[in-house]
Amino acid sequence: MAKVIGIDTGGTLTKLAYFNKAGELKLELFPSNEMELVKEWLQQHPDVDEIGLTGGRTEQLRDVLKTMKSIQYIVEFEATLKGVRYLLEREGHQIESSIITNIGTGTSIHYMDGNSHSRVSGTGMGGGTLVGLSTLLTGVRDFNEIKTLAATGNRSDIDLLVQDIYLGMDMPLDGKLTASNFGKVGITEEINYNKNDVLATVQGLVGEVITTLSIQVAEERKADYIVYIGSTLTSNEHLKKVISHYTILKKHTPIFLKDCGFSGAVGALLNIIEYSHSH
Ligand code: ATP
Ligand code: MG
C-alpha cells in the first residue's frame with residue numbers, strides 16, 4: 001500500500017490518487033458532501049502517512065480528518081496543471097503549448113506553455129449546470145442517468161440552427177451551427193418534449209458554450225490544442241462528441257484524457273512525492 005496519497009476535494013467530487021506497490025496509479029472517487037467516506041477510506045489504509053491536498057473543499061476535509069496525517073497543501077490550479085502534464089505524457093501526447101479546459105462543477109480555462117501556465121478564463125457553465133438544469137427540466141438528477149439518456153436524445157426539435165433561420169437563402173455562417181440553444185421552443189406551439197431530447201440539448205448547451213469560450217482563448221493565445229478535462233466528461237461520449245465537433249469545426253484539435261477527472265488529485269500526489277524527496 002502507498003504511503004502517500006493525493007486528494008483533490010472539489011465542489012462536487014473528491015478524487016483520490018496513489019501509486020500501489022506495483023507502481024500502478026490507483027484512483028478513487030467520493031461525493032464531496034460525504035467527507036466521512038474519505039476518513040473511513042484512510043482508516044482502512046492506516047499506512048498512508050502523508051497527504052497532498054488541493055481543491056476548494058480543503059478546509060472542510062481538514063476538519064473531518066483533524067490532524068490524522070501530515071498534510072501538504074497545493075493551490076488547485078498548480079495541482080491541476082501538474083497532473084495534466086503527467087497524464088498527457090502517460091497517455092502518449094506530446095504537446096508543448098495548449099489550452100486546458102477543466103469542466104468541473106464550474107469551468108476554468110488555462111493556458112499551458114512549456115513549464116509555465118496561467119488561468120485565462122472561466123465560466124459558471126459546467127458540470128453543476130448540466131446536473132442542475134437536467135434536474136429542473138426533466139427531474140433526472142443522477143449524472144450517470146443524465147449522460148446515458150442524453151446519448152439517445154435528439155436536439156433538432158429544440159435547438160434552432162442557422163439553417164432554420166436562413167430559409168432558402170445564402171447563409172453567412174455554416175448552416176449546421178446552433179443559432180440559438182433551445183431557441184426552437186419559443187417559436188413553436190409544442191410544449192411536450194421527450195426527456196432524452198431535453199437532456200441531449202442541455203449537454204449541447206453546456207458543451208457549446210464551454211467550447212466557444214475555449215476556442216476564443218485558443219485563438220488569442222495561438223494554441224492549436226485544447227485539452228478538455230474534468231469529471232463532467234467521465235464516460236460522457238455524447239458531451240465529448242458535442243465538444244470535439246465544435247472544436248474541430250473551428251480548426252482546433254481537441255484532446256480528451258482517459259482519467260479526465262483526476263488531474264488535480266494526481267498533481268497533489270506528485271507534489272507531495274517531490275516534497276517528501278526534497279526534505
Ligand atoms: P470544482 O473543480 O468546480 O470545484 P469538482 O472538482 O467537484 O468541482 P469535477 O469532479 O471535475 O468537479 O466534476 C464534477 C461534475 O462531474 C459534476 O457536476 C457532474 O456533472 C459530473 N459527475 C461525474 N461523475 C459524477 C458522480 N459520480 N456524481 C456526481 N457528478 C458526477
Ligand atoms: Mg475540480
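This briefing walks through one sheet, the helices packed on it, and two pockets. The model is a predicted one, so please read everything below as computed from that prediction. At its heart for our purposes is an open sheet of 5 strands with mixed pairing. The largest pocket has a volume of about 970 Å³, and the second largest pocket holds about 340 Å³ of space.

**The sheet**

- Reading across the open sheet, the strands come in the order β3-β2-β1-β4-β5.
- At the edges sit β3 (25-31) and β5 (70-73), each of which pairs on one side only.
- Direction ignored, neighbouring strands of this sheet are turned by 25 degrees against each other on average.
- Strand β1 (residues 4-9) runs parallel to its partner β4 (residues 50-54), and the two pair over 5 bridges.
- If you would like a residue to look for in that pair, take G6, whose bridge partner in β4 is G52.

**Helices on the sheet**

- Helix α2 (residues 58-65) lies across β1, β4 and β5, and its direction runs at about 150 degrees to β4.
- Helix α9 (residues 263-277) also packs on the sheet, where it touches β1, β2 (13-19), β3, β4 and β5.
- The direction of α9 makes about 140 degrees with that of β1.

**The largest pocket**

- The largest pocket is lined by 43 residues, and the closest to its centre are T12, L13, G104, T105 and S231.
- At least two lining residues come from each of β1, β2, α3 (76-90), β7 (107-113), α4 (127-138), α5 (143-151) and α9.
- Helix α4 supplies the largest share of this lining, with 6 residues.
- Sorted by class, the lining of the largest pocket has 26 polar, 9 nonpolar and 8 charged residues.
- Domain 1 (4-80 + 262-278) and domain 2 (123-256) each contribute at least three residues to the lining of the largest pocket.
- Some elements from the sheet section return here: β1, β2 and α9 are among those that line the largest pocket.

**The second largest pocket**

- Around the second largest pocket there are 15 lining residues, with R155, K176, E208, V242 and H245 nearest its centre.
- Helix α8 (residues 237-249) gives the most to this lining, namely 5 residues.
- The lining of the second largest pocket divides into 6 charged, 5 polar and 4 nonpolar residues.

Note on methods: Residues numbered from 1 in each chain as written. Chains lettered and ligands numbered in written order. Predicted model: local features only at pLDDT ≥ 70, side-chain atom pairs only at ≥ 80, totals over all residues. Heavy atoms only, no water. Pairing = 2+ DSSP bridges. Helix = DSSP H or I, 4+ residues; strand = E, 2+ residues; numbered from the N terminus. Axes fitted to C-alpha atoms, helices over the stretch in contact; angles between N-to-C directions. Contact = heavy atoms within 4.5 Å. 1 Å grid on protein atoms, 1.4 Å probe; cavity = no way out; pocket = protein on both sides within 12 Å on 5 of 7 lines; lining within 4 Å. Points joined across faces, edges and corners; volume = space filled by probe spheres on them. Nonpolar A, V, L, I, M, F, W, Y, C, P; charged D, E, K, R; others polar. Domains from an automatic or database assignment.
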